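Here is a short briefing to read alongside the model on your screen. Take a moment to turn it around before you start.

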Amino acid sequence: RQGNHMFVFGGNTCRESFNDLWQYSLEERSWARVKTRGSSPSARVGHALVPFGRRLILFGGRQYMDNSFDAAMHCFDLRTQKWTRLTVGGESPRLRTGHSAVACSGAMLVFGGLGNSGEYFNDAFVLRLFD
């Protein structure tokens, strides 16, 4: 949730996954598709989309039909309406879907999920997002 809006990215049906971004206005009780610029993240489910100031950070998830996972972190700037791919230093977290995430003290805290080999994670890690 960002201000008076909630954002939703992607999702799936039984046949395909999506990579669209939607905004729900809590005041107007209405949905609107967000017109984005830049290279959108791949279609996915099981990811986390976390508000971080004027940005939305997307991490993890998988393509529903072929079960392909994405290790990249993506950032959507709410002012410019543009997607960018973030460069993450240090040790990369293992590929995962179905995890939980929250923004906290300038970082994103990620917990658990399901790995691309079918293992369940009971780990937590912190990704420092911006200085």
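The notes below go from the whole chain to two of its residues.

This is a predicted model. The protein chain has 11 strands and zero helices, and its radius of gyration of 14 Å is close to what the globule rule gives for 131 residues, so the chain is as compact as a globular protein of that length. Two loop residues, Thr-97 and Tyr-64, are then picked out for a closer look.

**Overall fold**

- Read from the N terminus, the order of elements is β-β-β-β-β-β-β-β-β-β-β.
- Along its principal axes, the C-alpha atoms occupy a box of roughly 40 × 40 × 25 Å.
- Among contacts with a separation of 6 or more, 44% join residues that are 24 or more positions apart.

**Surface and charge**

- Buried residues make up 37% of the 131 in the protein chain.
- The chain exposes about 7800 Å², and 48% of that area comes from carbon and sulfur atoms.
- There are 16 positive and 11 negative side chains, and 5 Å separates the centres of the two sets.

**Thr-97**

- You will find Thr-97 in the loop that runs between β8 (82–86) and β9 (100–104).
- Thr-97 counts as buried because its relative accessible area is 6%, which is under the 20% cut-off.
- A polar atom of the Thr-97 side chain lies 3.4 Å from the backbone oxygen of Val-45.
- The backbone oxygen of Gly-46 also has a polar atom of the Thr-97 side chain 3.3 Å away.
- Leaving out residues up to four places away in sequence, Thr-97 touches Val-45 and Gly-46, together with Gly-61, Arg-62, Phe-69, Gly-113 and Leu-114.

**Tyr-64**

- Tyr-64 sits in the loop between β6 (55–59) and β7 (73–77).
- With a relative accessible area of 32%, Tyr-64 is partly exposed, because that value falls between the cut-offs of 20% and 50%.
- Residues touched by Tyr-64, again not counting those up to four places away in sequence, are Asn-12, Thr-13, Cys-14, Ser-17 and Val-45.
- Val-45 is thus a contact of Tyr-64 and also of Thr-97.
- From Tyr-64 to Pro-93, 29 residues apart along the chain, the C-alpha separation is 21 Å.

**A quick check**

- Which of the two labels, buried or partly exposed, belongs to Thr-97? Thr-97 is buried, whereas Tyr-64 is partly exposed.

Key: Residues numbered from 1 in each chain as written. Predicted model: local features only at pLDDT ≥ 70, side-chain atom pairs only at ≥ 80, totals over all residues. Heavy atoms only, no water. Helix = DSSP H or I, 4+ residues; strand = E, 2+ residues; numbered from the N terminus. Buried < 20%, exposed > 50% of the residue type's maximum accessible area, 1.4 Å probe, protein only. Polar contact = N/O pair within 3.5 Å; in protein donor to acceptor, adjacent residues only side chain to side chain. Contact = heavy atoms within 4.5 Å. Rg over C-alpha atoms; globule rule 2.2 N^0.38 Å. Areas by Shrake-Rupley, 256 points an atom, 1.4 Å probe, with all protein chains shown as cover. Lys, Arg positive; Asp, Glu negative; His and termini not counted. Charge placed at Lys NZ, Arg CZ, Asp CG, Glu CD.
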